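Dear colleague,

I am passing on the structure below, together with some notes on what a computed analysis of the model turned up. Please read the notes alongside the coordinates.

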Amino acid sequence: MVRAGSPQADRPGRPTATGRRSLAPLLAVCAGYFMVILDVTVINVAVPVVGRELSASLTGIQWITDGYTLVFAGLLLTGGALGDRLGNRRIFCTGVVVFTVASAACGLAGNAGFLVAARLLEGLGAALIVPGSLALLQQSYPSPAERARAFGLWGSMAGIAASAGPLLGGLLVTTVGWRWVFFINLPVGCACLLLTLRRVAASARRPDRAVDWPAQCALIVTVALLTAVLNEAGRRGWTDPLILVGAGLCLLTAAGFVLRERLARAPVLPLRLLRSRPMSGGAAIGLLFNFAFYGMIFTASLSFQHHRGLTALRTGLALFPAVAMTMFASVLSGRLARRTGHRPLVVTGMLLGAVGLAGWAAAGPNPDYLLLVAPMMAAGFGTSFALTGTTATVMTAAPDTYSGTASALFNTTRQVGSAAGVALGGSLLAAAGGFTTGLRISMAIGAAAYLTAAALALFCIPRGHPVASPTLRPDEASDRG
């Protein structure tokens, strides 16, 4: 008999064999993660065409991109808490269903408002998928060597999706139309759901783990206000009263979230977890490199299509040097980490990214495309080279009972970084005294973000291989002082 409050299975199932680990859990998890990341990058080359067909403004185009990321980032901690409480496999499968249905709705959208609403629903599905993805890998591959390989391949899947996104988006937009950018998710979602239900072992449940809804609401409002302020600043101006009020409210809701977590009996994010330097530092590094990389992809995509007059397909080809390097770098970093540990790889990756974006900013107002290839490759390689080590650092620092929460924290900060990078980049393009000036300022800010991440890595990522955190005691988990 299972005692109240002890871990339970979310559904009867056989655990993975301990002798020879099956690849099925990795394939199932990576299929779901592939959809989520693909929808971050595939939309970049499609939004200019979508904007024209649906008569959307530049701000509307930003919301088509950022609406998804906003809900994704705002609800990731909710997804992680629900996974820890109800079982990560159950929440992962629910997210796959929601994401697949929402993708169909996106493809059927008849106006910009409906598309934004459907993208918000997609973001909800993504927020349920991603925390469970890392937690299921941690559950399915318990030995350090297997887990490192699984995290490396998980990072590689992000690189493959990022690489495929612009090219696939450009190909679909120029052949069968932009709606197939979303319809492509339907067969992937169905295959992922079937494989997960059949081949991934049931997850533990902790019914004693309550979901802190006031804190969740405060987090959602904070992310929404941050994204709205950055999106609208380019159109209204940085000193507009509404922008200043929104920024002030964003700070207040962020403070409210922290206060609530200190007082809550069952916080969604125990603040003691943030006292772990590897966990909090790794989360901050994830925010910074996503801010820089996805801000670059968004602004470069608009530059190639609006300023240089390239088609969607040619824009995808133009961006390919940046995103193609992510796949190679993920595999390489996963292999090198066994010899060097994670810190040298993360620092090196962030320095490469900084050199790349600084090189773009210094290339002049209208540089030849060939001068931009090396900067894009450096940024893409550096970001992915750092991803595997940062992921492993955060997940290893977390107690196993908080694996879903740790995954959600890491991915929340990353998606907040993505949303901020896209929003700030769009605002700079609209407000910085000329398109090319705004683009160069955006690249310079991204280079500074990479440099900051490199400094944090030196301070926060342990030498050698990260050491697992001990399980929190109940009084430590509540973090009520």
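The notes below go from confidence and overall make-up to the cores, one long helix and two individual residues.

This is a predicted model, in which local features need a pLDDT of at least 70 and side-chain atom pairs count only at pLDDT 80 or more, while totals for chains, interfaces and linings use all residues. Residues are numbered from 1 along each chain as its sequence is written, and side-chain values use heavy atoms, with hydrogens and water left out.

Confidence first. The protein chain averages a pLDDT (the predictor's confidence in each residue, from 0 to 100) of 80, and 87% of the residues score at least 70. The mean is highest, at 93, in helix H13 (residues 343-361), and lowest, at 38, in helix H17 (residues 474-478). The pLDDT is also below 50 over residues 11-20, a stretch with twelve contacts in the model beyond near neighbours in sequence, where contact means heavy atoms within 4.5 Å. Over residues 467-481 the pLDDT likewise stays under 50, and the model has 32 contacts there beyond four places in sequence.

As for the overall make-up, the protein chain has 17 helices and two strands; these are DSSP runs numbered from the N terminus (helices H or I, at least four residues; strands E, at least two). Of its 481 residues, 60% are buried, meaning under 20% relative accessible area, with exposed being over 50% and partly exposed in between (1.4 Å probe, protein chains only). Among contacts with a separation of 6 or more, 86% are between residues 24 or more positions apart.

The largest nonpolar core has 127 residues, and those with the most contacts inside it are Leu 115, Phe 304 and Tyr 450; such a core is a set of buried Ala, Val, Leu, Ile, Met, Phe, Trp, Tyr and Cys residues joined through side-chain atoms within 4.5 Å. Helix H1 (residues 24-53) gives the most to this core, with 18 residues. Apart from it lies another core, of six residues, among them Met 325 and Phe 381. Beyond four places in sequence, Phe 304 touches residues including Trp 360, Tyr 369 and Met 376.

Helix H14 (residues 369-397) reaches 42 Å from its first C-alpha to its last, close to the 42 Å expected for its 29 residues at 1.5 Å a residue, the expected span being 1.5 Å times one less than the number of residues. H14 bends by about 30° at Leu 387, the bend being the angle between axes fitted to the seven residues ending there and the seven starting there. Because 24 of its 29 residues are buried, H14 is largely enclosed by the rest of the structure. At its N-terminal end, Asp 368 acts as a cap, with a side-chain oxygen 3.0 Å from the backbone nitrogen of Leu 370. Leu 371, found in H14, is nevertheless exposed, with a relative accessible area of 53%.

Finally, two individual residues. Phe 92 is found in helix H3 (residues 88-107) and is buried, with a relative accessible area of 0%. Phe 92 lies 4.6 Å from Ile 129, C-alpha to C-alpha, although the two are 37 residues apart in sequence. Thr 253 is placed in helix H9 (residues 241-263), and beyond four places in sequence its contacts are with Ala 218, Val 221, Thr 222 and Leu 225.

With best regards

Conventions. A polar contact is a pair of N or O atoms within 3.5 Å; within protein, one must be able to donate a hydrogen and the other to accept it, and residues adjacent in sequence count only if both atoms are side-chain atoms.
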